[in-house]
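Please look through the sequence and the model below before reading on. The report then takes up a few topics in turn, from backbone angles to the surroundings of the ligand.

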Amino acid sequence: MKKLQDTVVLVTGAASAKGIGRAIALAMAREGAHIACADINKNGCLQTARLVRKEKAQAIALRADAAKADEVQKAVDSTVAAFGGLDVLINNAGIACFKNLIDLSEEDWDRTFQINSKGYFLFCRAAAKAMIKQGRGGVIINISSISATLAGAMKVHYCASKAAVHMMTQGLALELASAGIRVNEISPGSIETNIIKNAGIREALARIPRVKRTPLGRPGTAADIAPAAVFLASDDASFITGANLVIDGGLTAGQPAPQPLES
Ligand SMILES: NC(=O)c1ccc[n+]([C@@H]2O[C@H](COP(=O)([O-])OP(=O)(O)OC[C@H]3O[C@@H](n4cnc5c(N)ncnc54)[C@H](O)[C@@H]3O)[C@@H](O)[C@H]2O)c1
C-alpha cells in the first residue's frame with residue numbers, strides 16, 4: 001500500500017527544476033498522491049505537472065503569487081475543485097538575496113517577508129479553512145530553514161523571515177490540533193538548488209566553507225528533503241505536530257571534530 005494513496009497535496013514553489021518543491025511533488029506522486037503544483041512560474045509548474053503524470057499520478061498546474069491573498073485563495077479553491085478536497089499543504093515558495101545591512105533596501109526586506117512569511121500565512125489560512133470545512137483533518141508542512149534558528153551575516157532579512165515561519169508552525173500546531181490538522185516544519189541546511197544561484201555569487205562563495213564544515217561532507221540535494229516530507233505527511237507521523245525536522249548533514253549539531261594541522 002502506498003503511503004499517500006489518493007491524498008490531495010498542494011505544493012507551493014513547485015516549478016523549479018532542481019528545487020525542493022518539485023522533488024517533494026514527485027516523491028508524493030510516487031506514493032499515490034494527487035498533486036496541485038503552484039508557483040509564480042507557470043511554465044515550470046506545467047513541467048512539474050507533466051513529470052508528476054509520468055509517475056501515473058494526477059496533477060494540475062496553477063499560477064499563484066504566494067504574496068497575493070486572492071491568488072492564494074484561488075489556488076486552494078482550484079485544488080479543491082479539481083480533486084474534491086485538500087489533505088496536505090507543502091508551503092515551500094521562497095526567495096533569498098544576500099546583502100549586508102547597509103545595502104539592504106526596504107524593498108528587499110518587504111519582498112522577502114511578503115513571500116517567505118506572509119505567503120506562508122496566506123497559504124496556511126486558506127488551506128486550513130478548506131481542511132476544517134471538509135472535516136477530515138489535514139497536514140501542513142512549512143519548509144523553513146536552519147536560518148530560522150541559526151543567524152547568518154548578510155541575510156538578516158532571510159533569517160528573520162524564516163524565524164517567523166518557525167513560530168508560525170508551532171503556534172498553528174497548537175491552534176489547529178483540535179481540527180485534526182498537524183503542522184510541522186522542515187529546516188533544510190545547504191541544498192543545491194537555484195535559490196543559491198539566484199541569491200548572488202557572493203553568497204554562493206560564502207557557502208563553500210559551510211559545506212566543508214558539514215559533518216557529512218557534502219551539500220544536500222532536494223532528494224534529501226523529499227522523503228522527510230512524505231513521512232511527515234503520512235500516517236506514520238500521526239502523533240507528530242509542532243515539530244521541526246532539521247535536514248542539514250549535521251551542520252547545526254555542534255562543533256565539528258578538529259582537523260589535523262597541515263604540515
Ligand atoms: N536551497 C537551500 O539551501 C535551502 C535551505 C533552506 C531552506 N530553503 C527553502 O526551501 C524552499 C524552496 O527553495 P529551493 O531551494 O527549492 O529554491 P528554488 O529557487 O529552486 O525554488 C523556489 C521556488 O519558489 C518560487 N517562488 C518564488 N517566489 C514566489 C512567489 N511569490 N509565489 C510563488 N512561488 C514563488 C520560485 O519560482 C521557485 O520555483 C524555500 O522556501 C527556501 O527558503 C532552501
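## Exposure and two unusual backbone angles

A residue is called buried if 20 or more other C-beta atoms lie within 10 Å of its own, exposed if 12 or fewer do, and partly exposed in between. This is a predicted model, and the term can be tried out on M154, which has 19 C-beta neighbours inside 10 Å and therefore counts as partly exposed. M154 sits in the loop between strand 5 (138–143) and helix 5 (156–176), and although it is not a glycine, its phi is positive, at about 70°.

Most residues other than glycine have a negative phi. D6 is another residue with a positive value, since its phi is near 60° and it is not a glycine. D6 belongs to the segment before strand 1 (8–12), and because it has 14 other C-beta atoms within 10 Å, D6 is partly exposed.

## The largest nonpolar core

In soluble globular proteins, nonpolar side chains tend to be buried together. Here the largest nonpolar core has 80 residues, and those that touch the most other members are L10, I24, M28, I35, C37, A127 and A229. Helix 4 (residues 106–134) gives the most to this core, contributing 10 residues.

What is C37 in contact with, once its neighbours within four places in sequence are left aside? The contacts of C37 are V11, A14, A25, C45, T48, A49, A59, A61 and L62.

## Helix 3 against helix 4

Two packed helices are described by the angle between their axes and the distance between the axes. For helix 3 (residues 69–83) and helix 4, the axes come within 9 Å and cross at roughly 35°, and the crossing is right-handed.

On the side of helix 3, the residues that meet helix 4 are A69, V72, Q73, V76 and V80, while helix 4 brings L122, F123, A126, A127 and A130. Sorted by class, this contact has nine nonpolar residues, one polar residue and no charged ones. A127 thus appears in two settings, in the contact with helix 3 and among the core residues that touch the most other members.

## Around the ligand

Which of the 29 residues around the ligand come nearest? They are G13, S16, G19, G94 and I195. The elements that give two or more residues to this shell are helix 1 (20–30) and helix 6 (194–199), and helix 6 gives the most, with three residues.

By class, the shell around the ligand is made up of 13 nonpolar, 14 polar and two charged residues.

Conventions. Residues are numbered from 1 along each chain as its sequence is written. A nonpolar core is a set of buried Ala, Val, Leu, Ile, Met, Phe, Trp, Tyr and Cys residues joined through C-beta atoms within 7 Å. Helices (H or I, at least four residues) and strands (E, at least two) are DSSP runs, numbered from the N terminus. Two residues are in contact if their C-beta atoms, placed from the backbone, lie within 7 Å. A residue is near a molecule or strand if its C-beta atom, placed from the backbone, lies within 6 Å of it. Ala, Val, Leu, Ile, Met, Phe, Trp, Tyr, Cys and Pro count as nonpolar, Asp, Glu, Lys and Arg as charged, and the others, Gly among them, as polar. Axes are lines fitted to C-alpha atoms, for helices over the stretch in contact, and angles run from 0 to 180 degrees between N-to-C directions. A crossing is left-handed if the near helix is turned anticlockwise from the far one by less than a right angle, and right-handed if clockwise.
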